[in-house]
Amino acid sequence: MAVVHVLMSSSDQVPIGHRIIRLDSVDSTNNYAAKLLSSGELSHGSVIMADEQTAGRGQRGSSWTSGAGENLLLTIVLKPANLSVSEQFRLTQFASLGLIDLLAKYHLKGSIKWPNDIYVNDKKLSGMLIENQVSSTSVSTVLLGIGLNVNQTEFPGLAATSLQSELGMFIPVMELAMSLFFCLNERWKALDHRNFSELDNAYQKQLYLRDMPSLFSDETGPFTGTVIGTTEQGLLIIARENDEIRQYDLKEIQFMPRNDP
Ligand code: BTN
């Protein structure tokens with residue numbers, strides 16, 4: 001285990017990435033962070049990074065696989081000063097936008113497949129697993145797990161891509177991580193200052209398939225609809241062909257594939 005300290009903040013809160021714990025291999029960086037947290041060892045902005053995960057976890061109980069040493073696998077500990085449970089979608093917006101900003105630095109146009117998958121050219125480049133701990137009505141600690149495909153170029157059976165596949169060049173993972181921390185620190189300011197409209201406006205603009213009639217599936221079966229935005233709580237708003245407007249929670253709707261692997 002290597003610990004790297006980076007000093008670089010002008011804000012009153014220590015920056016994301018001020019402490020980095022690097023691991024060769026771990027079951028899941030989110031699990032590792034949760035264990036350290038329970039012994040009180042992780043402050044806001046601490047990062048657990050691993051070259052390899054043996055039991056990487058994805059959203060909704062799925063797994064996250066990644067070639068050893070090829071990709072960015074990390075968990076960031078966040079301690080919002082004043083965020084209520086009803087405002088937790090702002091965390092999704094903050095993190096998604098940090099990743100979009102990172103891609104822009106590499107001249108890539110990413111979009112956010114609701115709620116927080118990052119897509120480039122109709123393929124998934126990054127996913128996140130956000131696990132919140134709450135005390136009473138506030139979010140006390142957030143484990144923001146991010147998996148970002150960097151130098152892996154084969155994704156058998158998956159509509160996935162990587163930075164190397166898109167850019168045609170090797171990207172040093174640690175350098176990328178430093179740029180990511182910079183981008184996240186910038187977006188964190190908006191969250192920390194409760195500038196939610198700034199986050200929301202930017203998030204809505206980056207939504208994947210927004211304003212484009214597309215194929216979805218819900219409990220009634222496949223249908224054509226158009227993403228028109230999200231609610232303040234993070235529900236997806238879709239206009240259906242018959243002009244009915246519906247709001248969906250995570251488990252209630254699926255995007256139908258536009259791009260076979
Ligand atoms: C998804 O799209 O399903 C979310 C994937 C999240 C993967 C990352 S990799 C680092 C962190 N540790 C985990 O076990 N999962 C997240």
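These are my notebook entries on two domains, one helix, one serine and several salt bridges in a predicted model.

**Entry 1: the two domains**

I began with the domain assignment, which gives domain 1 as residues 3-205 and domain 2 as residues 214-255. I then looked up how far apart they sit, and their C-alpha centres lie 26 Å from each other. For the contact between them I found 10 residues on the side of domain 1 and 14 on the side of domain 2. The area buried between the two domains comes to about 1000 Å², and carbon and sulfur atoms give 63% of that area. Within domain 1, the residues that lose the most area to domain 2 are Arg60, Phe89 and Trp114, which together account for 59% of what that side buries.

I next checked the polar side of this interface, where the count of salt bridges between domain 1 and domain 2 is zero, while two residue pairs are in polar contact across the interface, both at pLDDT 80 or more. Turning to which elements of domain 1 touch domain 2, I noted that α2 and α5 each supply at least two residues, and that the largest share, three residues, comes from α2. By residue class, the side of domain 1 that touches domain 2 divides into four nonpolar, three polar and three charged residues.

**Entry 2: helix α5**

Since α5 had come up at the interface, I looked at which of its residues are buried. In this helix, spanning residues 196-205, the buried residues are Phe196, Leu199, Ala202, Tyr203 and Gln204. I kept in mind that an α-helix has 3.6 residues a turn, so residues three or four places apart point the same way. The cover over the buried residues of α5 includes α2 (89-105), β5 (111-113), α4 (173-192) and β10 (221-230).

**Entry 3: serine 126**

I then went to serine 126, whose place is in strand β7, residues 123-135. Is serine 126 buried or exposed? Its relative accessibility is 1%, and because the cut-off for buried is under 20%, serine 126 counts as buried. A polar atom of the serine 126 side chain lies 3.0 Å from the backbone oxygen of glycine 147. Leaving aside neighbours within four places in sequence, I listed the contacts of serine 126 as Trp64, Leu99, Asn116, Asp117, Ile118, Ile146, Gly147 and Leu148.

**Entry 4: salt bridges**

A search of the whole structure returned 11 salt bridges, and I followed several of them individually. One joins the side chains of aspartate 211 and arginine 210, at 3.6 Å from N to O; here aspartate 211 counts as exposed at 51% relative accessibility, whereas arginine 210 counts as partly exposed at 29%.

Another is formed by arginine 246 with aspartate 218, with the closest N and O atoms 3.4 Å apart. This pair links distant parts of the chain, with arginine 246 in strand β12 (residues 245-248) and aspartate 218 in strand β9 (residues 214-218), 28 residues apart. Aspartate 218 is buried, having a relative accessible area of 8%.

Arginine 246 also meets the side chain of glutamate 219 in a salt bridge, at 3.2 Å from N to O. Because glutamate 219 lies in the loop between β9 and β10 and arginine 246 in strand β12, this pair ties together parts that are 27 residues apart in sequence. Glutamate 219, with a relative accessible area of 59%, is exposed. Finally, I recorded that Asp218, Glu219, Arg240, Glu244 and Arg246 are linked in a network of salt bridges.

Conventions: Residues numbered from 1 in each chain as written. Predicted model: local features only at pLDDT ≥ 70, side-chain atom pairs only at ≥ 80, totals over all residues. Heavy atoms only, no water. Buried < 20%, exposed > 50% of the residue type's maximum accessible area, 1.4 Å probe, protein only. Helix = DSSP H or I, 4+ residues; strand = E, 2+ residues; numbered from the N terminus. Contact = heavy atoms within 4.5 Å. Domains from an automatic or database assignment. Buried area = accessible area lost by both parts, 1.4 Å probe. Salt bridge = Lys/Arg side-chain N within 4 Å of Asp/Glu carboxyl O. Polar contact = N/O pair within 3.5 Å; in protein donor to acceptor, adjacent residues only side chain to side chain. Nonpolar A, V, L, I, M, F, W, Y, C, P; charged D, E, K, R; others polar.
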